[in-house]
Amino acid sequence: MPATRGFFRRRPDGPAGRLPPGQYDVGGNWPVLTAEVTPRIDRESWTLGVDGLVDRPTTWTWDEVQQLPRSSYHGDIHCVTTWSKFDVVFAGVSVDSLLEAAGPDPRAEFMIAHSSTGYTTNLPLADVTGGKAWVVWEYDGRPLTAEHGGPVRLLVPHLYFWKSAKWISRLELTVEDRAGFWERNGYHDRGDPWLEQRYQGDP
Ligand SMILES: Nc1nc2c(c(=O)[nH]1)N[C@H]1C(S)=C(S)[C@@H](COP(=O)(O)O)O[C@H]1N2
Ligand SMILES: [Mo]
């Protein structure tokens with residue numbers, strides 16, 4: 001019986017099974033994808049709020065957020081424009097730590113991440129709890145640069161990277177799923193790269 005053509009074709013995907021469908025390894029580059037003008041935000045005036053359906057709406061200054069337990073991510077990221085980047089290292093604080101302080105209302109099911117620029121993205125709460133999401137200010141041991149969302153961005157690496165809002169200022173917990181910037185423009189509400197949830201209407 002002839003082997004199925006293509007079955008053993010070598011895939012340029014590095015370690016086996018590491019590249020989600022339709023993605024390629026961008027290697028050492030880190031593309032910048034920004035819809036708005038890059039804002040210049042200084043750490044001294046930056047704050048982060050967690051509000052909406054929480055018991056204790058909380059705001060952290062730069063110094064206060066540094067006091068929270070440090071948490072880091074070492075792994076891969078995947079952009080819907082088809083690049084993936086392996087072995088990135090980010091450090092900051094886990095979203096769990098922020099939510100623990102704010103006390104989510106049991107009715108909350110979604111989180112809207114707001115950038116100070118007006119960019120938003122919606123996420124199921126289940127995708128940002130349980131050690132799956134971070135608020136980060138370091139990349140490879142250095143301060144996150146402005147073009148990549150510095151001083152502070154969201155990081156939700158198991159979903160397409162448009163969910164990782166840059167320049168975040170506010171995390172809002174909600175009952176209803178409210179489409180964010182790219183979601184209103186046709187991108188998927190969840191965005192799991194392994195399920196290829198690129199556009200509204202994908203599985
Ligand atoms: N505020 C804001 N956050 C954003 C974006 C943006 O345009 N504005 N682009 C998103 C998209 S589509 C991607 S792929 C990543 C890109 O992050 P990078 O520029 O650091 O690679 O940021 C996401 N977060
Ligand atoms: Mo993206």
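Here are a few friendly notes on the ligand site and two backbone features of this predicted model.

1. **Where the ligand sits.** A good place to start is ligand 1, which takes up the space of the largest pocket. That pocket has a volume of about 370 Å³. Its lining is made up of 23 residues, and those lying nearest the pocket centre are Leu33, Thr34, Tyr119, Trp162 and Trp182.

2. **Character of the lining.** Sorted by class, the lining of the largest pocket has 15 nonpolar residues, along with five polar and three charged ones. The shell around ligand 1 can be sorted in the same manner: 13 of its residues are nonpolar, five are polar and three are charged.

3. **Nearest neighbours.** There are 21 residues around ligand 1, and Pro31, Ala35, His148, Arg153 and Lys166 come nearest. Two of these names, Pro31 and Ala35, return in the next point.

4. **Polar contacts and burial.** Which atoms of the ligand pair with backbone atoms of proline 31 and alanine 35? For proline 31, a backbone N or O atom lies 2.7 Å from an oxygen atom of ligand 1. For alanine 35, a polar backbone atom is 2.7 Å from an oxygen atom of the ligand. Serine 115 contributes through its side chain, where an N or O atom is 3.1 Å from a nitrogen atom of ligand 1. Taken alone, ligand 1 exposes 530 Å², and the protein buries 98% of that area.

5. **A cis peptide bond.** Do take a look at the bond from glycine 150 to proline 151, which is cis with omega near 15°. Proline 151 belongs to the loop between β9 (142–143) and β10 (153–155). For context, most peptide bonds are trans.

6. **A positive phi.** Where does aspartate 140 lie? Its place is the loop between β8 (134–139) and β9. Phi of aspartate 140 is near 55°, a positive value in a residue other than glycine. Most residues other than glycine have a negative phi, so a positive value is worth pointing out.

7. **To view together.** For a quick tour, begin with ligand 1 in the largest pocket, then visit the cis bond from glycine 150 to proline 151, and finish at aspartate 140 with its positive phi.

Definitions and conventions: Residues numbered from 1 in each chain as written. Chains lettered and ligands numbered in written order. Predicted model: local features only at pLDDT ≥ 70, side-chain atom pairs only at ≥ 80, totals over all residues. Heavy atoms only, no water. Near = heavy atom within 4 Å. Polar contact = N/O pair within 3.5 Å; in protein donor to acceptor, adjacent residues only side chain to side chain. Areas by Shrake-Rupley, 256 points an atom, 1.4 Å probe, with all protein chains shown as cover. 1 Å grid on protein atoms, 1.4 Å probe; cavity = no way out; pocket = protein on both sides within 12 Å on 5 of 7 lines; lining within 4 Å. Sits in = over half its atoms within 2 Å of the grid points. Nonpolar A, V, L, I, M, F, W, Y, C, P; charged D, E, K, R; others polar. Points joined across faces, edges and corners; volume = space filled by probe spheres on them. Helix = DSSP H or I, 4+ residues; strand = E, 2+ residues; numbered from the N terminus.
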